[in-house]
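Reader: I have a chain to go through before I set anything up. Take me through its geometry and its side-chain pairs, briefly.

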Amino acid sequence: EGAPLIPPLNAFIARQEKCPNRIDINAGNTSNLCLICNGEAVAGWDIGPCNEYLDYLVRRHTDLPFDIDGQIAGCGSLNKMLFRQLFEIGADFYTMPPPRSGDPAYYHTKEITLFQDKTQLSDNLYTVAYFAGYLFVYALQFIKGEIPATFSLFGGGWKHPIIRQSLDNILRQNASFILPEHKEIFKTIYQRLGTPLNIAVHPYGQWMESLLWARMGYCFDQRIPWTTPALTGCKKPTICGIEAVSDLNRPTNDYD
């Protein structure tokens, strides 16, 4: 398993920005985080669903590709019963200590029956968006020692206002709902969380995938290990990639 793939790039950018201690959070279909200490990626793991449930619900019940600007979820409210069911479905994964790689199969194939009712679409969307923000903070319990106060956000999920607002509120101890059995976990997280909080969108967020392939290519060429046991559970620091040679003399119309 190679995920998450991006932490070494997060650390490289953090060094360029002279921000050696922070947490980068990627909000994609499956979200992940990277802990950067003294300019190095010391931990990283997949967290759980972010856009996955949102996009699935919208495409199932509407003609839209996604919840544009959170317009549907913004009309809803939290369904606490659904929230608990969502956590219980993926609990084996969410409570697994890192390193760990996620896949929608861990939590996506079992919830279909929870989302049958189209009349509750706005409430369901609000709930899964809040759930995404909740999982980000819940995952901080696996960080050892003090938790950095700086959070850098990238990935399309942060364009959804409910996800972003949920993360902000929960990190700032203004959560509208925490499962009773998690209250001690969150209390400990808040005690270890540095201050003052700095939560901001990553300045290169929209180019992260392009930067990732460029940096990986450079590290492969220079024989610099990309992934480490702390990030993906591999046995030793590993150079990632293969070298492929193209025949540039072939006519261009011969290429697919």
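Author: A definition comes before the rings: Phe, Tyr and Trp rings pair if their centres lie within 6.5 Å. Keep in mind that this is a predicted model.

Reader: Which residues do ring pairs link into a cluster?
Author: A search of the whole structure finds 14 aromatic pairs. Ring pairs build a cluster. Its members are F83, F87, F93, Y94, Y130, F131, Y134, Y138, F177, F186 and Y190.

Reader: F83 and F131 form an aromatic pair; what is the angle between the planes?
Author: A pair of aromatic rings is described by the distance of the centres and the angle of the planes. For F83 and F131, the centres are 5.4 Å apart. Planes over 60 degrees apart count as edge-to-face, and this pair is edge-to-face at 85°.

Reader: How many residues apart are F83 and F131?
Author: F83 has a relative accessible area of 0%, so it is buried. F131 is also at 0% and buried. F83 sits in helix α3 and F131 in helix α4, and the pair links distant parts of the chain, 48 residues apart.

Reader: Is T127 buried or exposed?
Author: T127 belongs to helix α4. Setting aside neighbours within four places in sequence, T127 contacts S77, L78, N79, L82, F83 and L86. Buried means under 20% relative accessible area. T127 has 0%, so it counts as buried.

Reader: Why is the pair of W45 and F142 called edge-to-face?
Author: The ring centres of W45 and F142 are 6.3 Å apart. Planes over 60 degrees apart count as edge-to-face. The planes of W45 and F142 stand at 85°, so the pair is edge-to-face.

Reader: Where do W45 and F142 lie?
Author: Both W45 and F142 are buried. They are 97 residues apart, and the pair links distant parts of the chain. W45 is in strand β3, and F142 is in the loop between α4 and β4 (150-154).

Reader: Now the charges. Which residue forms a salt bridge with E40?
Author: A search of the whole structure finds 7 salt bridges. In one of them, E40 of strand β3 meets a residue of helix α1, 25 residues apart. E40 is partly exposed at 45%, and its partner is partly exposed at 34%. The closest N and O atoms are 3.7 Å apart, and the partner is R15.

Reader: R84 and E181 meet in a salt bridge; how many residues apart are they in sequence?
Author: The N to O distance for E181 and R84 is 2.7 Å. E181 lies in the loop between α5 (161-171) and α6, and R84 in helix α3, so the pair ties together parts of the chain that are 97 residues apart.

Reader: What separates E88 and R84 in helix α3?
Author: E88 forms a salt bridge with R84, with the closest N and O atoms 3.7 Å apart. E88 is exposed at 51%, whereas R84 is partly exposed at 28%. The two are 4 residues apart in helix α3, so the separation is about one helical turn.

Reader: Which residues are linked in a network of salt bridges?
Author: The bridges here form a network. A salt bridge needs a side-chain nitrogen of Lys or Arg within 4 Å of a carboxyl oxygen of Asp or Glu. The linked residues are E17, R22 and D24.

Reader: How does α1 lie relative to α7?
Author: The axes of α1 and helix α7 (residues 208-221) are 10 Å apart, at an angle of about 95°. Angles of 65 to 115 degrees count as roughly perpendicular. So α1 is, relative to α7, roughly perpendicular.

Reader: How many residues of the contact of α1 with α7 are nonpolar?
Author: On α1 the contact is made by L9, N10, F12, I13 and R15, and on α7 by M208, L211, L212 and R215. Of these residues, 1 is polar and 2 are charged, and the number of nonpolar ones is 6.

Reader: Backbone next. Which peptide bond has omega near 5°?
Author: P99 lies in the loop between α3 (80-94) and α4 (121-138). The bond that leads into P99 is cis. It runs from P98 to P99.

Reader: What is omega for the bond from T195 to P196?
Author: P196 is in the loop between α6 (183-192) and β5 (198-201). The bond from T195 to P196 is cis, with omega near -10°.

Reader: What phi does K18 have?
Author: K18 lies in the loop between α1 (7-16) and β1 (22-26). Its relative accessibility is 74%, so K18 counts as exposed. K18 is not a glycine, yet its phi is positive, about 55°.

Notes
Residues numbered from 1 in each chain as written. Predicted model: local features only at pLDDT ≥ 70, side-chain atom pairs only at ≥ 80, totals over all residues. Heavy atoms only, no water. Buried < 20%, exposed > 50% of the residue type's maximum accessible area, 1.4 Å probe, protein only. Contact = heavy atoms within 4.5 Å. Axes fitted to C-alpha atoms, helices over the stretch in contact; angles between N-to-C directions. Parallel < 35°, antiparallel > 145°, perpendicular 65-115°, else oblique. Nonpolar A, V, L, I, M, F, W, Y, C, P; charged D, E, K, R; others polar. Phe/Tyr/Trp six-rings, centres within 6.5 Å; stacked < 30°, edge-to-face > 60°.
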